[in-house]
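Colleague: I am learning to read models of this kind, and I would like a close look at a single part, the place where the protein meets one of the DNA strands. Please take me through it slowly and explain the terms as you go.

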Amino acid sequence: MVDASVDLEALRGQMLTESFFARDARVVARALIGTRLVHVRGNRVQVARIAETEAYRGPTDRACHARFGETERTRHIFGDPGTAYCFLVYGMHDCFNVVTKGMRAGHAVLVRGAVVADDEDARADGPGRFSRVLGFTRKDSGRSVMSESLFFVPASKRARVVVTARVGVAYAEEDADLPLRFYDAEGSGVSRPPPSQIGRGQRTRKT
DNA sequence: GACCGGATTATG
DNA sequence: ATAATCCGGTCA
């Protein structure tokens, strides 16, 4: 029995397809703000409005896992656009990414925060919390995000998007300061980075 | 084979 | 401020 408050077929009809994901991660990361991720889990359907993302731009990006080349862990980041790439960080938190660009470019967008519809109690601000609330673990790596049970639909309204440096990648030297983190200026579902990282390279734009 | 450190979070 | 907790990448 599926949640009657969600018209799943109507949502599926709006599914974002390969052409959306087959672009540079920087472009997709920004475009993803305000979109909704639909996850069908047994008889539950979760709809999460994406509030925060980061772009990781392949082997030459010193913060990107693709810099290790294609290993067991990083295999799926070299998959087709619209593939999920999931991994474990700090031994305890899973992170959920969407592969972009294609041509084995190793680009991906990390989802760092969202607001889950009809679930005020479920905090999904922060990459670990987002993945836990939506049930993603590294077992989901390689899954398609253009499937009946997992897919994105376009934003219902325009978002003001704030751009900053990425969080937690200080080790990446010059690439640490690139403006590749995007979040909805409205603020709900956005993680609260450590004070040392707030305001790095920040600027607001309309999209 | 060992060792290091991380795309984080909860708690003091 | 700091512990928790695992595993891949790196070097021996």
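By class, how many nonpolar, polar and charged residues does the surface near DNA strand C have?

Modeller: This is a predicted model, in which local features need pLDDT of at least 70 and side-chain atom pairs count only at pLDDT 80 or more, whereas totals for chains, interfaces and linings use all residues. Residues are numbered from 1 along each chain as its sequence is written, chains are lettered from A and ligands numbered from 1 in the order in which they are written, and side-chain values use heavy atoms, with hydrogens and water left out.

The surface near DNA strand C has three nonpolar, three polar and two charged residues. Near means that one of a residue's heavy atoms lies within 4 Å of the strand; as for the classes, Ala, Val, Leu, Ile, Met, Phe, Trp, Tyr, Cys and Pro count as nonpolar, Asp, Glu, Lys and Arg as charged, and the others, Gly among them, as polar. The residues that surround DNA strand C are Phe 68, Thr 71, Arg 73, Thr 74, Tyr 90, Gly 91, Met 92 and Arg 138. Of the atoms of this strand that come within 4 Å of the protein, 66% belong to sugar and phosphate.

Some of these residues make polar contacts, pairs of N or O atoms within 3.5 Å (within protein, one atom must be able to donate a hydrogen and the other to accept it, and residues adjacent in sequence count only if both atoms are side-chain atoms). The side chain of Thr 71 places an N or O atom 2.5 Å from a phosphate oxygen of DNA strand C. Tyr 90 uses a backbone N or O atom, 2.7 Å from a base oxygen of the strand, while a backbone N or O atom of Gly 91 lies 3.2 Å from a sugar or linking oxygen.

DNA strand B can be read in the same manner. It is surrounded by 20 residues, and the closest are His 93, Asn 97, Gly 128, Arg 129 and Tyr 171. By class, the surface near DNA strand B has ten nonpolar, seven polar and three charged residues. Two histidines reach its bases: a polar side-chain atom of His 65 is 2.9 Å from a base nitrogen, and a polar side-chain atom of His 93 is 2.9 Å from a base oxygen. Arg 129, by contrast, has a polar side-chain atom 2.8 Å from a phosphate oxygen. Helix H4 (127-134) and strands S3 (84-89), S4 (93-100) and S5 (107-116) each supply at least two residues of this surface, and H4 gives the most, with four; helices (H or I, at least four residues) and strands (E, at least two) are DSSP runs, numbered from the N terminus.

Strand S4 also holds Phe 96, which pairs with Phe 136 in the loop between H4 and strand S7 (146-147), 40 residues apart. Their ring centres are 4.2 Å apart and their planes at 15°, so the pair is stacked. Rings of Phe, Tyr and Trp (its six-membered ring) pair if their centres lie within 6.5 Å, and planes under 30 degrees apart count as stacked, over 60 as edge-to-face and the rest as tilted. Phe 96 counts as buried at 0% relative accessibility, and Phe 136 at 2%, where buried means under 20% relative accessible area, exposed over 50% and partly exposed in between (1.4 Å probe, protein chains only).
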